[in-house]
Each structure stands twice: as C-alpha cells, then as structure tokens.
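Please open the model in your viewer and keep the selection panel at hand. The stops below are meant to be followed in order, each one saying what to select and what is to be found there.

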Amino acid sequence: MITRKRLAAGVCGLLAALTAGLAFPAGAAAGEPTGQGAPKVDLVLDVSGSMRARDIDGRSRMAAAKQAFNEVLDATPEEVELGIRTLGANYPGDDRKTGCKDTAQLYPVGPLDRTEAKTAVATLTPTGWTPIGPALLKAAGDLDGGDGSKRIVLISDGEDTCAPLDPCEVAREIAAKGIGLTIDTLGLVPTAKLSRQLSCIAEATGGTYTSVEHQDELTDRVNQLVDRAADPVVTPVATEGADRCAGAPTLKSGLYTDREEFGQQRFYRVDVRPGQELRASVSVAADRAVNPGYGVLMRAVTSKGREIVRGEAAGNGRTDVISTGLRYPKAESDDEDAPAEAVCLSVSHSFSAAPGVKTTPGLPLELTVDVVDAPSRAGDVAAFGLGRGWWLLGVLILTGFLAGVVWGWLSRWRIAVWRTN
Amino acid sequence: MRAVRALSAALLTLGVAAGPAAADASPSPSQDEASAPTRAGTSFRTATEIEQGQPATASGSTGDYLYWSFPADTGQRPTVEATVKLPESHASQTWQIDVYDGLRRRQACQYGAQTRTAAADAPSVKLACVLRTVRAWSEPWANDPLPGTYYVRLTATGVATADLGLPVGSDVRVDSRDIGGSAAVDGSLAEPLVPGVATKPGQEREDAAVLAGLEPEDGWASGRWSDRWVWTAAGGIMAALAGVGGYALTRGTGRPSRVPPA
C-alpha cells in the first residue's frame, strides 16, 4: 500500500513538473531586449558621362536608372531607411584628382519622403568620372550607426577610373569593420572587366552581382534588394578569438563574427555544464580570390589540450563559404554542483590567397554556439531495443511453439506420474 | 487501484497540458502554404525558409549563392530538387546543389545529379539530391543526418566571367519519403538541430529575427513511436498463440484412449 501511495505521489509530482515545464518557456524569455534597428539602404548611382549611352531598350542608361529609381522609391517598404548617393555627378572637368573625389549625398539615409527623393533623382545629368572606391567609403559612412541590417546597392556602367584605389579592396576593408554591411552591385550593359570588378566587390561583402540589359530587370532587381534589406536578420556579435586556449573569449549561445588570417588559429571558450550539449558551427567566407582547394577544421578541446570531437570540411572550386560543425554532449554528473567544463573551440582554415591578393584583413568567420540539454543516451541500436521484421516474427513464433510443446509434454508426463502414484 | 486511477488522471491532464503547447508550435513565423516563397537568401544567416512539399522560386543572377532552409524530421529521407532556368545565350555552365545540416555540416547525397554541366545555350538544368534517412540520434563523432534544419545552397561552380550576373530563375522543392520503423534508432536529441535554438526569443517577439524558425507540420516527433512497437507486440501475440498451439498438439484431441473411464 505504501509503495502505491508513493507511486501516486510520484506521478503527481512528475505531472506538476511537466506542467511547470510546459508553462515556463513562455515566461522565461520576457526579459529579452525587444525590437531591432531599422534596416538601412544606400543606393549608389553612377552618374558618369558614359551613362549617356543609349543602349537600354533604346533609351539612355540614365533614363533607365531614373525610371527604376522612381519605381523603387514607390515600392520601398515603410520601415526601410533609404538614402541615395551619386558618383561623378558634379565635376565635368578633366582633372583626375578632383574628378576622383566627386561623390555626393543626393538624399540622406533616413525615413523616406518619396516626393522629395524623386525630385532629387530627376535633377541628375550624366557628367563626370567613376570614383567607385571613394563613393563606397562615403556610403559606408552614410550608413553608420544603428543595429539594423545595412546594404549598399551600387549601380554602375563602367569600371572604376580612379586607380590605384581598388574598389574591391575598399569593399573588403568596409566589410572588415564588422558593421555587418552588404554591398550588392548592378552593372549596366557591362564589359567583362566591369563584370569582374563588380562581382569582386559583391563577393568581398557577401553580396550579389547582377548584370542588367533591360529596364524591367533593373527595377526588379533593385526592388528585390531593398526588400531583402527589410527582412529581419539576426545580427552577429563581433568577437575576437585568441591564439591560445587560455585567454580565449568566453562565448554564450549566440551568433558571432570574427576575422581569421591565412594560416591562423583562433580559440574561443564555451562553458558546458554536465547534462548539457554544446553545438557549434563555423563558416569561413572566401571574400577574395583564393586558390582552389581549401578546408576548415574546428576542434573542441579540453583545457588540457585533449581533443574531444572535431568537425572538418574540405572542398575545391568556386565557393562563397566553407563550413563545418560539431556536437559535444557532456555526460550527466552524480555530483549536483559539479562545475561547468570550459571547452575550447579551435578554428583554423586552409584557404590560401591567390597570387597578388592582399592577405589582410583576415577572412570573415561566422560562429554559432548553442548550449542545449544533452540528448538521451542510446542503449541499443533500435528504438527501445524493439524488434521488427519477418525474422523476428519467425523466431518468436518458433520459440513460442517449442515452449508450448515442451510445456505440453511436461504436463503430460506430470499427469502420468501422478496417475501411477 | 488508486495508483492506476492517479496514473490515468495524470495522463489525461498531461494530454490536456500538452495539447496547447503542440498547437502553439505549429504556426510558423514566415510564409504559409498559400504564399510560396519567391526569393532566396544569400547566406546561411539569411536563408529563406521553405516547408517540405512547398515549391519555392527565386530569381537571381549567375554567380549568386542562393540559400534555402527546410525542416526534416526523424525517419524522413528528403529529396531536394532544383531546376535552374538559364538565360537565352550563355557559355557552358556547371551548377551544383549542396545540402548542409543544422550544424552547417555538408550532407552527402545518396544519389541524384548534384552537379550538372549545362551545354552552351541550354535552356535549363535540373539537379537533385537524395539525402540519407534522418535518424533520431547518432554519436557526436558521426556525421549522420539528425532531425532539424537543413540548408540548400544552389550555385554555379563553373562559370565564364562573361556570364557572371546574367539573370537566372530557379525552382526548388523538397519532398521526403517516410522510411518508417526500419530507421527507428534508440536515443533522441533534447532539441532538434535547429541553429539558434538555445537563444529562441519568446512568444512576445514573433517578428523577431531567428536563424531558423520553421518546424515540420505536426511539430517535431518525440521519437517514442515507431512501428517496431507493432511488430514486437504482434510477435508476442503470435508467439503466445503458437505456444497454445504447441501445447494443444502434445495433448491431442479429447480424452486419451488408454485412460479408463472413471
């Protein structure tokens, strides 16, 4: 009777715990910060002399760009803060030095007044040089501040005329600031050289490159990019890994970014309590020309340097990113206040820079860390050790039958013995 | 008797308590069935979430890396199919789909044309990848597919510079075959392999950005049920019947002839 009462009490206790468990998660997250900064987009338009060329559906490139801008301004979502910057709009002269500084903010990044923005766009006439690099730097400045997503949409019809400042390097440096900025590029009737330059800029920041030859393509694409900026995206937290396990930054569950140079190894620490599972994944992005053949290795090591588990990946050919991940479930401990184990994550990649490509800043690295409850252990290969299939049925039937026969013989023999006595 | 009553009461209450929780889990933060996604993300972080069986389209440019993510649960064997509509004139191009799991580990395709080269000016290229069956549990050192989020990356791996940026259209669809009890393994994960599951914002912030928010239609499977229960129970019943049969066989029918009447 006592055991029964205990059982009933236990069931009630379990029930209470379960109900509490079910009710709890909703309340637990109440204290989290709410809201995210408004997404910001800066449209950077090339207004250089070459925009006069009439080769987009029989109209000039400038006219096509103006129409596209008008349509995009109409379709821009409420929450997006949009700005417009021009390059080569003001200086018509031949002085390269002055021409290469010619970039201006046509409409400041902020809440959008459609009429005002459209009026500003209407005033543009194709004029000067194509200083893409300086314009990108200024555009990055326009977008400074706030914690929403940031995007530059660069529309150009000719490659940068302001060497030696390579716009591709500029883009990489902007990305290296860790402000989570993406540059998308659009080339109007591009040459192979322009294609290469614009896709280099895009790849340096994880953006996209599109070549445009028709009016509707331009409008659709710019609209799509502005819409994409409006999508809520988790913003990663910048961190800096150490070169040894001791002194590595301690990470909690979340999304992180860092930079890792070629041939470097980065360490991060995560505290894992008994009965918890560490899940970590890392992606290293190739933001510049790299040699084919690359890899990434993430190891979870103890503070003493013993490897627990590793994730590795290798590949070759064109890629944006190489990624891998690992899981480390830490066994439950009998001791209730057993300390958390500091697990070190060591990340290294085997990208190598193509000849003539700058190696600094390092490649962007994205790290996700999740610490969750540990999985239940598997005691058998099959679920609960249960069986399945015709062999199982055959064996069970045969065993049952044999047992029946033996039982029958036994009982016959017993009756016979009983009768003779 | 009291224990039995308490137990059944507990089960009933549990059922009632679990009901709303399960119902809460199903509405997904993004698109529903009616509005199929018409765009794709450009990184793991921005991947567009799609449901299984939901056709997704996206327009992009040659050279873009397009990302989608979908949930896959225990016992499913997902098949990812992608069709890329290429521009009218182009050089020969190689396209590829890669599938990654929730830990961003590349998942092998059992079969299917994962990489295909389209001849110059070919109108489209079709790709497919059949994954391994998703298991409920695996050793941490293994790379087996586990229940959780899966990422699809579609890109051109071999492309001439002149073709970069040309507009392309893509259709992606994920379907899966239910493998059932033969793939039911012991053990289970505490949480599905969904990135950011440990930092999931609460119900109050439904519009907040998450790395992956979609769940299978009926929520994640608990992993307790499999048809192995039916097989094992049926085996037990048949063994019992065979036992009775075997017993009856040794007893013969009716009264043994050599036993004298009482």
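Begin with both chains shown together and select their contact, to which chain B contributes 80 residues and chain A contributes 90 residues; bear in mind throughout that this is a predicted model. On the side of chain B that touches chain A, α1 (2–25) and α2 (228–251) of chain B each supply at least two residues, and α2(B) gives the most, with 19 residues. Coloured by class, that side of chain B shows 41 nonpolar, 25 polar and 14 charged residues.

Next, hide chain B and colour chain A by its domain assignment, which gives domain 1 (40–230) and domain 2 (236–373). The centres of domain 1 and domain 2 of chain A, taken over C-alpha atoms, are separated by 35 Å, and nine residues of domain 1 of chain A are in contact with 10 residues of domain 2 of chain A. On the domain 1 side of this contact in chain A, α6 (167–176) and α7 (192–204) each supply at least two residues, with the largest share, four residues, coming from α6(A). The residues on that side of domain 1 of chain A divide into three nonpolar, three polar and three charged.

Stay with α6(A) and select its residues one by one: seven of its 10 residues are buried, so that the helix is mostly covered. The buried positions of α6(A) are A:Pro167, A:Cys168, A:Val170, A:Ala171, A:Arg172, A:Ile174 and A:Ala175. If you now display their surroundings, you will find the buried residues of α6(A) packing against α5 (132–142), β7 (181–188), α7 and β18 of chain A.

Move on to helix α8 (residues 215–230) of chain A, where the distance between the end C-alpha atoms is 23 Å; at 1.5 Å a residue the 16 residues should span 22 Å, so the two values agree. Which residues of α8(A) are buried? They are A:Glu217, A:Leu218, A:Thr219, A:Arg221, A:Val222, A:Leu225, A:Val226, A:Arg228 and A:Ala229. While looking along the axis, recall that an α-helix has 3.6 residues a turn, so residues three or four places apart point the same way. Bring chain B back for this stop, because the buried residues of α8(A) pack against β10 (167–178) of chain B together with β1 (40–46), α2 (61–75), β6 (150–156), β7 and β8 (209–212) of chain A.

Now select the open sheet of chain A in which five strands follow the order β10-β12-β17-β14-β15, with mixed pairing. At its edges stand β10 (250–251) and β15 (307–315) of chain A, each with a single partner strand, so one side of each is left without a neighbour in the sheet. From the β10(A) edge, two bridges lead to strand β12 (residues 265–272) of chain A, and this pair runs parallel; here A:Thr250 has A:Arg269 of β12(A) as its bridge partner. At the β15(A) edge, by contrast, strand β14 (residues 294–301) of chain A and β15(A) pair in the antiparallel sense over eight bridges, and A:Arg299 has A:Arg310 of β15(A) as its bridge partner. The hairpin of β14(A) and β15(A) has five residues between the strands, and in it A:Gly305 takes a positive phi near 95°.

The following stops concern backbone geometry. Most residues other than glycine have a negative phi, and most peptide bonds are trans. Select A:Asp57 in the loop between β2 (54–56) and β3 (59–60) of chain A, where its phi is near 50°, a positive value in a residue other than glycine; A:Asp57 is partly exposed, with 13 other C-beta atoms within 10 Å. In chain B, select B:Asp121 in the loop between β7 (115–118) and β8 (124–130), where phi is likewise positive, near 65°, and where the residue is exposed, with 12 other C-beta atoms within 10 Å. Return to chain A for the peptide bond from A:Thr360 to A:Pro361, which is cis with omega near -10°; A:Pro361 lies in the loop between β17 (341–349) and β18 (363–373) of chain A.

Finish at residues 390–410 of chain A, where UniProt, in an unreviewed entry, places the feature "transmembrane region". In the model this stretch of chain A is 100% helix and 0% strand, and its end C-alpha atoms are 30 Å apart.

Note on methods: Residues numbered from 1 in each chain as written. Chains lettered and ligands numbered in written order. Predicted model: local features only at pLDDT ≥ 70, side-chain atom pairs only at ≥ 80, totals over all residues. Buried ≥ 20, exposed ≤ 12 C-beta atoms within 10 Å, placed from the backbone. UniProt positions renumbered as here; feature names shortened; annotations may be inferred. Pairing = 2+ DSSP bridges. Domains from an automatic or database assignment. Contact = placed C-beta atoms within 7 Å. Nonpolar A, V, L, I, M, F, W, Y, C, P; charged D, E, K, R; others polar. Expected span 1.5 Å × (residues − 1).
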